[in-house]
Amino acid sequence: MAEQRIGYLGPKGTFTKMAVDGLFDGGTYIGYESIPACLDAVENGEVDTGVVPLENAIEGSVHLTIDYLVHQVNQSIIAELTVPIKQHLLVHPDHHDHDLKKIYSHSHAIAQCHQYLHKNYPQADLEYTASTGRAAEIVADTGTGAAAIGNHLAAEENGLKILAENIHDYDNNHTRFAVVQKNPMTLKVKDQFVTKQKTTVMVTLPKDYVGALHQVLAAFAWRKMNLSKIESRPMKTGLGNYFFLIDVDQPYDQILFPGVQAELEALGCQLKILGTYPSYQLDIPSPIRRA
Ligand SMILES: O=C(O)C(=O)C[C@]1(C(=O)O)C=C[C@@H](O)C=C1
(Lines give C-alpha, C1' and ligand atoms only; values in the text may rest on other atoms or scores of the structure.)
Protein backbone atom coordinates (compact mmCIF):
# COMPACT_ATOMS: atom_id res chain seq x y z
CA MET A 1 0.00 0.00 0.00
CA ALA A 2 1.35 3.46 -0.95
CA GLU A 3 2.44 5.71 1.92
CA GLN A 4 -0.33 7.99 3.15
CA ARG A 5 0.28 11.66 2.29
CA ILE A 6 -0.82 13.94 5.09
CA GLY A 7 -1.21 17.71 4.74
CA TYR A 8 -1.42 19.93 7.80
CA LEU A 9 -1.39 23.58 8.85
CA GLY A 10 2.36 24.21 8.94
CA PRO A 11 5.12 25.20 8.91
CA LYS A 12 7.20 23.25 11.43
CA GLY A 13 6.33 23.65 15.09
CA THR A 14 2.57 24.28 14.83
CA PHE A 15 0.08 22.71 17.18
CA THR A 16 -1.40 21.01 14.13
CA LYS A 17 1.99 19.35 13.50
CA MET A 18 2.02 18.17 17.14
CA ALA A 19 -1.41 16.67 16.54
CA VAL A 20 -0.21 14.96 13.35
CA ASP A 21 2.90 13.55 15.09
CA GLY A 22 0.72 12.24 17.90
CA LEU A 23 -1.91 10.62 15.69
CA PHE A 24 -0.32 9.12 12.59
CA ASP A 25 1.83 6.06 12.32
CA GLY A 26 4.13 7.00 9.45
CA GLY A 27 3.48 8.69 6.13
CA THR A 28 4.66 11.67 4.14
CA TYR A 29 3.91 14.91 5.99
CA ILE A 30 3.48 18.18 4.07
CA GLY A 31 2.99 21.51 5.90
CA TYR A 32 0.84 24.20 4.24
CA GLU A 33 1.03 27.87 5.12
CA SER A 34 -2.71 28.32 5.73
CA ILE A 35 -5.90 26.37 6.42
CA PRO A 36 -7.32 27.06 2.91
CA ALA A 37 -4.03 25.97 1.30
CA CYS A 38 -4.16 22.70 3.24
CA LEU A 39 -7.80 22.00 2.35
CA ASP A 40 -7.14 22.90 -1.30
CA ALA A 41 -4.32 20.33 -1.34
CA VAL A 42 -6.79 17.67 -0.14
CA GLU A 43 -9.33 18.81 -2.73
CA ASN A 44 -6.93 18.60 -5.67
CA GLY A 45 -5.42 15.28 -4.58
CA GLU A 46 -1.98 16.60 -3.67
CA VAL A 47 -2.44 14.84 -0.31
CA ASP A 48 -4.81 12.04 0.79
CA THR A 49 -5.59 13.49 4.21
CA GLY A 50 -5.66 16.97 5.75
CA VAL A 51 -5.44 18.02 9.39
CA VAL A 52 -6.73 21.46 10.40
CA PRO A 53 -7.80 23.09 13.69
CA LEU A 54 -11.56 23.06 14.34
CA GLU A 55 -12.29 24.39 17.82
CA ASN A 56 -10.46 25.67 20.89
CA ALA A 57 -11.76 25.41 24.44
CA ILE A 58 -11.03 29.09 25.21
CA GLU A 59 -11.60 30.87 21.91
CA GLY A 60 -14.25 28.69 20.29
CA SER A 61 -14.60 27.55 16.69
CA VAL A 62 -12.02 28.15 14.00
CA HIS A 63 -14.46 29.77 11.58
CA LEU A 64 -12.03 29.71 8.68
CA THR A 65 -11.98 25.89 8.82
CA ILE A 66 -15.75 25.51 9.18
CA ASP A 67 -16.57 27.98 6.43
CA TYR A 68 -14.00 26.55 4.02
CA LEU A 69 -15.26 23.00 4.61
CA VAL A 70 -18.86 24.06 4.05
CA HIS A 71 -18.53 26.57 1.20
CA GLN A 72 -15.33 25.84 -0.73
CA VAL A 73 -14.53 22.13 -0.76
CA ASN A 74 -16.29 18.77 -0.74
CA GLN A 75 -14.62 16.67 1.94
CA SER A 76 -15.61 14.46 4.86
CA ILE A 77 -14.44 14.62 8.43
CA ILE A 78 -13.07 11.13 9.05
CA ALA A 79 -11.62 11.64 12.55
CA GLU A 80 -11.13 14.31 15.15
CA LEU A 81 -8.49 14.56 17.80
CA THR A 82 -8.35 16.67 20.91
CA VAL A 83 -4.95 17.94 21.98
CA PRO A 84 -3.91 19.77 25.17
CA ILE A 85 -2.65 23.27 24.32
CA LYS A 86 0.08 25.02 26.30
CA GLN A 87 1.05 28.45 25.06
CA HIS A 88 4.51 29.86 25.81
CA LEU A 89 6.17 33.19 25.08
CA LEU A 90 9.11 32.47 22.79
CA VAL A 91 12.04 34.83 22.18
CA HIS A 92 15.32 34.90 20.26
CA PRO A 93 18.26 33.35 22.18
CA ASP A 94 19.96 36.81 22.23
CA HIS A 95 16.94 38.34 23.98
CA HIS A 96 17.68 39.35 27.57
CA ASP A 97 16.13 42.46 29.14
CA HIS A 98 14.95 44.03 25.90
CA ASP A 99 11.50 45.58 25.64
CA LEU A 100 9.05 43.47 23.67
CA LYS A 101 7.72 45.75 20.95
CA LYS A 102 5.94 43.13 18.86
CA ILE A 103 4.26 39.87 19.72
CA TYR A 104 3.41 37.57 16.82
CA SER A 105 0.97 34.66 16.71
CA HIS A 106 -2.10 33.04 15.24
CA SER A 107 -5.28 34.93 16.19
CA HIS A 108 -6.57 31.96 18.22
CA ALA A 109 -3.32 31.72 20.20
CA ILE A 110 -3.34 35.48 20.94
CA ALA A 111 -6.97 35.24 22.05
CA GLN A 112 -6.08 32.41 24.45
CA CYS A 113 -3.56 34.73 26.18
CA HIS A 114 -5.40 38.09 26.13
CA GLN A 115 -5.38 38.68 29.89
CA TYR A 116 -1.71 37.73 30.21
CA LEU A 117 -0.77 40.09 27.35
CA HIS A 118 -2.94 42.90 28.69
CA LYS A 119 -1.33 42.63 32.12
CA ASN A 120 2.30 42.11 31.10
CA TYR A 121 2.76 43.69 27.66
CA PRO A 122 0.05 46.34 27.20
CA GLN A 123 2.35 48.42 24.96
CA ALA A 124 3.34 45.63 22.56
CA ASP A 125 1.89 45.53 19.04
CA LEU A 126 0.06 42.27 18.43
CA GLU A 127 0.75 40.91 14.95
CA TYR A 128 -1.40 38.12 13.54
CA THR A 129 0.20 35.28 11.60
CA ALA A 130 -1.25 32.27 9.75
CA SER A 131 0.03 29.91 12.49
CA THR A 132 2.03 29.87 15.70
CA GLY A 133 4.83 28.08 13.82
CA ARG A 134 5.04 30.97 11.34
CA ALA A 135 5.21 33.43 14.27
CA ALA A 136 8.20 31.53 15.69
CA GLU A 137 9.95 31.63 12.31
CA ILE A 138 9.47 35.42 12.14
CA VAL A 139 10.96 35.90 15.63
CA ALA A 140 13.94 33.69 14.75
CA ASP A 141 14.56 35.98 11.71
CA THR A 142 13.79 39.27 13.50
CA GLY A 143 16.02 38.83 16.57
CA THR A 144 15.52 40.65 19.88
CA GLY A 145 12.57 42.91 20.71
CA ALA A 146 9.95 40.52 19.35
CA ALA A 147 8.25 37.42 20.74
CA ALA A 148 6.03 34.67 19.41
CA ILE A 149 3.26 32.80 21.20
CA GLY A 150 3.58 29.10 20.49
CA ASN A 151 4.52 25.68 21.82
CA HIS A 152 7.77 24.00 22.93
CA LEU A 153 8.15 22.33 19.51
CA ALA A 154 8.17 25.75 17.77
CA ALA A 155 10.88 26.86 20.24
CA GLU A 156 13.00 23.78 19.50
CA GLU A 157 12.51 23.87 15.73
CA ASN A 158 13.40 27.57 15.47
CA GLY A 159 16.16 27.76 18.11
CA LEU A 160 14.10 30.07 20.36
CA LYS A 161 14.01 30.10 24.15
CA ILE A 162 10.94 30.18 26.38
CA LEU A 163 10.63 33.49 28.24
CA ALA A 164 7.37 32.59 30.01
CA GLU A 165 5.60 29.27 30.03
CA ASN A 166 1.89 28.41 30.18
CA ILE A 167 0.66 31.94 29.46
CA HIS A 168 -2.83 30.87 28.33
CA ASP A 169 -5.48 32.47 30.53
CA TYR A 170 -7.40 29.32 31.49
CA ASP A 171 -5.94 25.97 32.51
CA ASN A 172 -8.18 23.59 30.64
CA ASN A 173 -6.95 24.55 27.21
CA HIS A 174 -7.58 22.05 24.43
CA THR A 175 -8.02 22.26 20.67
CA ARG A 176 -9.99 19.85 18.48
CA PHE A 177 -8.47 19.11 15.09
CA ALA A 178 -10.42 17.75 12.12
CA VAL A 179 -8.93 15.02 9.94
CA VAL A 180 -10.48 15.30 6.48
CA GLN A 181 -10.40 13.36 3.23
CA LYS A 182 -11.96 13.80 -0.18
CA ASN A 183 -12.04 10.09 -0.98
CA PRO A 184 -12.37 8.38 2.39
CA MET A 185 -9.67 5.71 2.83
CA THR A 186 -8.33 3.88 5.85
CA LEU A 187 -6.17 5.88 8.24
CA LYS A 188 -2.99 4.35 9.66
CA VAL A 189 -3.04 5.80 13.15
CA LYS A 190 -1.15 4.96 16.33
CA ASP A 191 -2.99 3.12 19.06
CA GLN A 192 -5.06 5.97 20.37
CA PHE A 193 -7.68 6.30 22.98
CA VAL A 194 -11.00 6.62 21.16
CA THR A 195 -13.33 8.48 23.48
CA LYS A 196 -16.47 8.20 21.37
CA GLN A 197 -17.94 8.06 17.86
CA LYS A 198 -19.52 11.24 16.53
CA THR A 199 -21.41 12.47 13.49
CA THR A 200 -21.39 16.08 12.29
CA VAL A 201 -24.36 17.30 10.25
CA MET A 202 -25.16 20.57 8.58
CA VAL A 203 -28.77 21.73 8.60
CA THR A 204 -30.17 24.57 6.52
CA LEU A 205 -33.60 26.02 7.18
CA PRO A 206 -35.92 27.02 4.32
CA LYS A 207 -36.63 30.41 5.89
CA ASP A 208 -36.83 32.02 9.28
CA TYR A 209 -40.15 31.00 10.87
CA VAL A 210 -41.46 30.61 14.41
CA GLY A 211 -40.12 27.47 16.09
CA ALA A 212 -37.90 26.39 13.17
CA LEU A 213 -34.87 25.58 15.29
CA HIS A 214 -37.07 23.97 17.93
CA GLN A 215 -38.43 21.58 15.29
CA VAL A 216 -34.92 20.72 14.10
CA LEU A 217 -33.76 19.95 17.64
CA ALA A 218 -36.94 18.00 18.40
CA ALA A 219 -36.18 15.58 15.55
CA PHE A 220 -33.01 14.56 17.40
CA ALA A 221 -34.45 14.88 20.91
CA TRP A 222 -37.35 12.45 20.68
CA ARG A 223 -34.99 9.86 19.16
CA LYS A 224 -32.80 10.33 22.26
CA MET A 225 -29.82 11.41 20.14
CA ASN A 226 -27.42 13.45 22.25
CA LEU A 227 -26.05 16.65 20.69
CA SER A 228 -22.66 17.85 21.96
CA LYS A 229 -22.44 21.05 19.93
CA ILE A 230 -24.66 23.32 17.89
CA GLU A 231 -23.43 26.40 16.15
CA SER A 232 -24.92 28.77 13.61
CA ARG A 233 -22.86 30.32 10.83
CA PRO A 234 -23.90 32.77 8.12
CA MET A 235 -24.89 31.27 4.76
CA LYS A 236 -23.11 34.24 3.16
CA THR A 237 -26.25 34.91 1.11
CA GLY A 238 -27.51 37.87 3.13
CA LEU A 239 -28.05 39.04 6.69
CA GLY A 240 -30.23 36.71 8.74
CA ASN A 241 -29.50 33.56 6.65
CA TYR A 242 -27.76 30.87 8.70
CA PHE A 243 -26.90 27.19 8.62
CA PHE A 244 -26.51 25.05 11.72
CA LEU A 245 -23.61 22.74 12.39
CA ILE A 246 -24.61 20.00 14.81
CA ASP A 247 -22.39 17.37 16.46
CA VAL A 248 -24.29 14.21 17.37
CA ASP A 249 -22.70 11.91 19.93
CA GLN A 250 -23.15 8.67 18.02
CA PRO A 251 -22.07 7.05 14.74
CA TYR A 252 -24.22 7.28 11.62
CA ASP A 253 -26.74 4.46 11.37
CA GLN A 254 -29.37 3.37 8.86
CA ILE A 255 -32.40 4.04 11.06
CA LEU A 256 -32.13 7.11 13.28
CA PHE A 257 -30.23 9.46 10.94
CA PRO A 258 -32.34 8.72 7.83
CA GLY A 259 -35.38 9.23 10.11
CA VAL A 260 -34.12 12.66 11.18
CA GLN A 261 -33.28 13.53 7.58
CA ALA A 262 -36.75 12.57 6.27
CA GLU A 263 -38.44 14.49 9.08
CA LEU A 264 -36.38 17.62 8.48
CA GLU A 265 -36.82 17.43 4.71
CA ALA A 266 -40.58 17.26 5.24
CA LEU A 267 -40.23 20.60 7.05
CA GLY A 268 -38.34 22.07 4.09
CA CYS A 269 -34.90 21.82 5.74
CA GLN A 270 -31.82 20.22 4.23
CA LEU A 271 -29.46 17.94 6.09
CA LYS A 272 -25.96 17.05 4.94
CA ILE A 273 -23.65 14.60 6.73
CA LEU A 274 -20.20 16.17 7.04
CA GLY A 275 -18.70 13.06 8.60
CA THR A 276 -19.14 10.16 11.00
CA TYR A 277 -15.91 9.44 12.79
CA PRO A 278 -13.96 8.37 15.87
CA SER A 279 -12.97 11.04 18.36
CA TYR A 280 -9.39 10.59 19.59
CA GLN A 281 -7.82 12.17 22.62
CA LEU A 282 -4.09 12.85 22.62
CA ASP A 283 -2.01 13.53 25.66
CA ILE A 284 1.19 15.04 24.37
CA PRO A 285 3.91 15.62 26.97
CA SER A 286 5.45 19.08 26.68
CA PRO A 287 9.04 19.34 27.91
CA ILE A 288 9.92 22.91 28.89
CA ARG A 289 13.27 24.48 28.02
CA ARG A 290 13.60 27.55 30.22
CA ALA A 291 15.13 30.88 29.20
O1 LIG B 1 -1.05 27.95 14.76
C2 LIG B 1 -1.03 26.77 15.13
O3 LIG B 1 -0.07 26.25 15.70
C4 LIG B 1 -2.20 25.96 14.86
O5 LIG B 1 -2.07 24.75 14.75
C6 LIG B 1 -3.53 26.67 14.80
C7 LIG B 1 -4.23 26.79 16.14
C8 LIG B 1 -5.72 27.22 15.96
O9 LIG B 1 -6.11 27.63 14.89
O10 LIG B 1 -6.47 27.14 16.95
C11 LIG B 1 -4.21 25.46 16.80
C12 LIG B 1 -4.14 25.33 18.14
C13 LIG B 1 -4.10 26.51 19.03
O14 LIG B 1 -5.42 26.66 19.50
C15 LIG B 1 -3.69 27.75 18.33
C16 LIG B 1 -3.65 27.81 16.98
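Me: In this predicted model, how do the residues of the shell around the ligand divide into nonpolar, polar and charged?
Reply: The shell holds six nonpolar residues, nine polar residues and no charged ones. Because Asp, Glu, Lys and Arg are what count as charged, none of these four residue types occurs in the shell.

Me: What makes Thr14 a residue that surrounds the ligand?
Reply: The criterion is a C-beta atom, placed from the backbone, within 6 Å of the molecule. In all, 15 residues surround the ligand, and Thr14 is among the closest, together with Pro53, His108, Ser131 and Thr132. Helix 1 (15-23), strand 3 (49-56), helix 4 (107-112) and helix 6 each give two or more residues to this shell.

Me: Why is the ligand said to lie between domain 1 and domain 2?
Reply: Both domain 1 (5-85 + 173-182) and domain 2 (88-164) contribute residues to the shell, so the ligand lies between them.

Me: How do you know that strand 6 and strand 9 pair?
Reply: Pairing requires at least two bridges found by DSSP. Strand 6 (residues 88-91) and strand 9 (residues 146-150) have four, in the antiparallel sense, so they qualify as a pair. Within strand 9, Ala147 is the residue opposite Val91.

Me: Why is one side of strand 8 and of strand 10 left without a neighbour in the sheet?
Reply: The open sheet has five strands in the order 8-7-9-6-10, with mixed pairing. Strand 8 (125-129) and strand 10 (161-164) stand at its edges and have a single partner strand each, so one side of each lacks a neighbour. On average, neighbouring strands of this sheet are turned by 35 degrees against each other, direction ignored.

Methods: Residues numbered from 1 in each chain as written. Predicted model: local features only at pLDDT ≥ 70, side-chain atom pairs only at ≥ 80, totals over all residues. Axes fitted to C-alpha atoms, helices over the stretch in contact; angles between N-to-C directions. Domains from an automatic or database assignment.
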